[in-house]
Amino acid sequence: MYLQNKLLVAFCVSLSLSVLPGCFSGSSVPVGPVSGVVTKDGQPLADATVTFFPESGRPSIGMTDESGRYELLFTESVNGAMVGLHKVNISFGGPPPPGEMNREKKNKRVLPPQSVDWPDMVKVSESYNTLDFDL
């Protein structure tokens, strides 16, 4: 059930990133670049999905690398998130998504599936935003 919900959210975000770029082009919506590091118990968290949900408008999404670093994408060609307050969700763990089963990463997803809603809203400004999260 968790995996189905996670895949549904990933599908919806991917759909909005690929199908609706004309609705919120980077030139008409104020967007600020966002990056940071996600850690769990002080250690970098790889392969986590970081999603910023603005109060209204489209979400932005990013994936962490081996060092826990992420960078948000607003659209395929625009980095960042809409300027303003956002709820943040970070999901990680569980089995690899379909298609990744044969990659060498399959053994790295040993954490049980988890989804964490960051307790506080975060603010994105038009200037560069470095937002780190320690779970």
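This dialogue walks through a predicted model of one protein chain, feature by feature.

Reader: Where should I begin, and how many helices and strands does the protein chain have?

Author: A good start is the list of regular elements, taken in order along the sequence. In this model the protein chain has one helix and twelve strands, and the order along the sequence is α-β-β-β-β-β-β-β-β-β-β-β-β.

Reader: What pLDDT does the protein chain average, and over which residues is the pLDDT below 50?

Author: With a predicted model, the confidence scores are best read before the details. The average pLDDT of the protein chain is 82, and 69% of the residues score at least 70. Residues 18–26 call for caution, since there the pLDDT is below 50, although in the model this stretch has twelve contacts beyond near neighbours in sequence.

Reader: What share of the residues in the protein chain is buried, and what does the surface come to?

Author: Burial and surface can be read side by side. Of the 135 residues in the protein chain, 37% are buried, while the accessible surface comes to about 7,700 Å², with 57% of it belonging to carbon and sulfur atoms. As for contacts between residues at least 6 apart in sequence, 67% of them join residues at least 24 apart.

Reader: Which residues of the largest nonpolar core touch the most other members?

Author: The general idea comes before the case. In soluble globular proteins, nonpolar side chains tend to be buried together. Here the largest nonpolar core has 16 residues, and those touching the most other members are V34, V50, F52, Y70, I90 and F133. At least two residues of this core come from each of β2 (34–40), β4 (49–54), β8 (84–92) and β10 (122–124), and β8 gives the most, with three residues.

Reader: β4 is on that list, so to speak; how many of its residues are buried, and how many bridges join β4 to β8?

Author: For a strand, one can look at its cover and then at its partners. β4 is mostly covered, with five of its six residues buried. β4 and β8 run antiparallel and are joined by six bridges; within this pairing, F52 has V88 of β8 as its bridge partner. β4 also pairs in the antiparallel sense with strand β5 (residues 60–63), over four bridges, and there the bridge partner of V50 is G62.

Reader: What lies between the strands in the hairpin of β4 and β5?

Author: In a hairpin, the residues that link the two strands deserve a look at their backbone angles. This hairpin has five residues between the strands, and G57 takes a positive phi near 110°.

Reader: How many aromatic pairs does the structure hold, and which residues form one aromatic cluster?

Author: For aromatic rings, one reads the distance between centres and then the angle between planes. The structure holds three aromatic pairs. One of them joins F52 and F133 in an edge-to-face arrangement, 6.2 Å centre to centre with 80° between the planes. Because F52 lies in strand β4 and F133 in strand β12 (residues 133–134), this pair ties together parts that are 81 residues apart in sequence. The rings of W118 and F133 have centres 4.9 Å apart and planes at 80°, so that pair is edge-to-face. W118 lies in the loop between β9 (114–117) and β10, so its pair with F133 in strand β12 ties together parts that are 15 residues apart in sequence. One aromatic cluster is formed by F52, Y70, W118 and F133.

Reader: Are F52, F133 and W118 buried or partly exposed?

Author: Burial is judged by relative accessible area, and under 20% counts as buried. F52 is at 0% relative accessibility, so F52 counts as buried, and F133, with a relative accessible area of 2%, is buried. W118 has a relative accessible area of 26% and is partly exposed.

Reader: Where are P112 and T75 found, and how far in space are they from G93 and P59?

Author: For a loop residue, one can compare separation in sequence with separation in space. P112 is found in the loop between β8 and β9; P112 and G93 are 19 residues apart in sequence and 5.1 Å apart in space, C-alpha to C-alpha. Leaving aside neighbours within four places in sequence, P112 is in contact with F92, G93 and G94. T75 is found in the loop between β6 (69–71) and β7 (81–82) and counts as buried, at 3% relative accessibility. T75 and P59 are 16 residues apart in sequence and 9.5 Å apart in space, C-alpha to C-alpha.

Methods. Residues numbered from 1 in each chain as written. Heavy atoms only, no water. Core = buried A, V, L, I, M, F, W, Y, C linked by side-chain atoms within 4.5 Å. Buried < 20%, exposed > 50% of the residue type's maximum accessible area, 1.4 Å probe, protein only. pLDDT = per-residue confidence, 0-100. Contact = heavy atoms within 4.5 Å. Pairing = 2+ DSSP bridges. Areas by Shrake-Rupley, 256 points an atom, 1.4 Å probe, with all protein chains shown as cover. Phe/Tyr/Trp six-rings, centres within 6.5 Å; stacked < 30°, edge-to-face > 60°.
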